[in-house]
Amino acid sequence: MKGKKSKIIAMGSLLCFFIYACDKANSDDGTTPPEETNLATRSLTRAMEITDNALEAYFTGSGMTMARYYNPYTDQRSNEVGSVWMYTSAIEAVTAILHALEAEKEQGDASRYDAHFNKYEQALMKLYDGVDYYLGTFTLTSYTGTNEWTVYGVNRGNSKGGARVEGIENVYDDQMWLIREFLEAYKVTNNALFLEKAEYLTEYVLDGWDCTIDENGKEVGGISWGPGYVTKHACSNGPMISPLVWLHELYKEKNDEISHRYIDETDRRTRKVVQMKKSDYYLLFAKKIYEWQKSYLLRNDGVYDDMMGGCTPGSPQLEQIGGVDYRRGITCRDRVGPAITYNSGTMLSGAADLYRVTADDKYRVDGTALANATFSYFAKKGVDVPDHYTFDISGFRNWFNGVLMRGYVDFYPLHNETDSYIDVFQKNLDYAYEHFFYNGFLPTNLLVGWNRDRGKNNTEGMFTFAFAAEYAVLSRYEQTK
């Protein structure tokens, strides 16, 4: 593919049986240029390099169609198109770079900001425009009413706004990851389009909050995986906490209002609506979601399980109240694993953000315990490389692990010991870059390297963008800590 760099150590690289032993491509002589010795500078350079290569390799056409896989050894992209969640990883990487460039400028060096910020802002806008191919419109009956929504489906449609989004064709966590990135984009570009879309999707997600009242007069709580599901997942609750706090902060000094729909606690039937300040509304739900997930999914070993199952009813059902259809409340009795890094990572970030705006020490205490428990549970020393920590990378865990790293970064001001946990991610990325970087890409397994069979090196686009985003977040962290 045009534009790809291919720096391979000499001595018979094409004949080398062990690909991972001979594909060191940091530089021709294996050394780092003098100007790149600063860790923050070097990490941002690598984030930009990987992202530039990935945008070229995985995306095609003016509509920004994203291939799920690309093999840097065969220069082939897959016919399989990435889901909207995978697509979001590219937005994540670009926004992280924009933040890192801004941080570098604020530290007194505006050279790269001046040279590259506009380029990445333009890339961000192309991605924002292209994600509309995942949009679709449907009508949903929820706990408080029936509304038409235009949201993002799991799979890409053939035209903008033409994706299938009914029932299980859309899930709440996909909207949440987009909300997170749209708000990050708004913070770094001040483009109101991102805020408008983030708030609309937030309204949709909170429409999925189970506000039905139990026999004790309390909200059942929790957001199901999607409108077509009854199970309530960590991934459809925890990721929403931090964006809600950010929205609270954006509106804290303003008088903007929003409609809060809920169910009367006394008769447990009457649907009510009250106008609230947006800042209060968003913080209210940030706290409620945090408490729900902590109450139901926190394990005895200090990390979070995956979901609440064993639900009644076993499928989405409606009930009539006063001749009007509403969604029936869902009671789930079984906490189901496994523990996955991102489900704890979102709660760690949520604790950091909630402490920042409330000064309630329980969030600092929760987060400190969670930071220590997650590293003890998920990081395994010396499994693949001495003095390096291995994280499970099965399934989609490469991306999941990046969410945990963000949690450590977010919580660092409250618990400086997370610096050693963050350093593990830095060392693993650098190890892979210095030993296995090939044609602009890192391998799926950062500590083991590429497959010996060149044809078996299909790399998930979302993993490539996750590595780039991690590098950018680490750069910003080093500049601002």
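Is Phe-465 buried or exposed? Let's start there. This is a predicted model, by the way. Phe-465 comes out at 0% relative accessibility, so it counts as buried.

Okay, aromatics. Searching the whole structure turns up 42 aromatic pairs. One of them joins Tyr-58 to Phe-465, with 6.1 Å between the ring centres and 50° between the planes, which puts the pair in the tilted class. In sequence these two partners are 407 residues apart: Tyr-58 belongs to helix H2, residues 39-58, and Phe-465 to helix H13, residues 461-480. And Tyr-58? Also 0% relative accessibility, so Tyr-58 is buried as well.

Here's a second pair to look at: Trp-177 with Tyr-342. The centres are 6.1 Å apart and the planes sit at 20°; stacked means under 30 degrees, so that's what we call this one. Trp-177 is in helix H5, residues 172-189, and Tyr-342 is in helix H9, residues 341-358, so this contact ties together parts of the chain 165 residues apart. On burial, Trp-177 has 2% relative accessibility and counts as buried. Tyr-342 has 8%, and the cut-off for buried is under 20%, so Tyr-342 counts as buried too.

Back to Tyr-58 and Phe-465 for a second. Both belong to one aromatic cluster, together with Phe-59, Tyr-70, Tyr-87, Tyr-134 and Phe-441. If you have the viewer open, pull those up together.

Now, charges over rings. Lys-187 lies over the face of Trp-246, 3.6 Å from the ring centre. Then there's Lys-288, whose charged end sits over the ring of Phe-285 at 4.3 Å from the centre.

Last topic: helix packing, and we're back on H2. Its partner is helix H4, residues 111-130; the two pack at an angle of about 35°, and their axes are 13 Å apart. The crossing of H2 past H4 is left-handed.

So who touches whom? On the H2 side you've got Thr-41, Leu-44, Thr-45, Met-48, Thr-51, Asp-52 and Leu-55, and they meet Arg-112, His-116, Lys-119, Tyr-120, Ala-123 and Leu-127 from H4. What's the mix of residue types in the contact of H2 with H4? Six nonpolar, four polar and three charged. The charged residues there include Asp-52 from H2 and Lys-119 from H4.

That's my tour. Happy to rotate the model if anyone wants another look.

Notes
Residues numbered from 1 in each chain as written. Predicted model: local features only at pLDDT ≥ 70, side-chain atom pairs only at ≥ 80, totals over all residues. Heavy atoms only, no water. Phe/Tyr/Trp six-rings, centres within 6.5 Å; stacked < 30°, edge-to-face > 60°. Helix = DSSP H or I, 4+ residues; strand = E, 2+ residues; numbered from the N terminus. Buried < 20%, exposed > 50% of the residue type's maximum accessible area, 1.4 Å probe, protein only. Lys NZ or Arg CZ within 6 Å of the ring centre and 35° of its normal. Axes fitted to C-alpha atoms, helices over the stretch in contact; angles between N-to-C directions. Left-handed = near helix turned anticlockwise from the far one by under 90°. Contact = heavy atoms within 4.5 Å.
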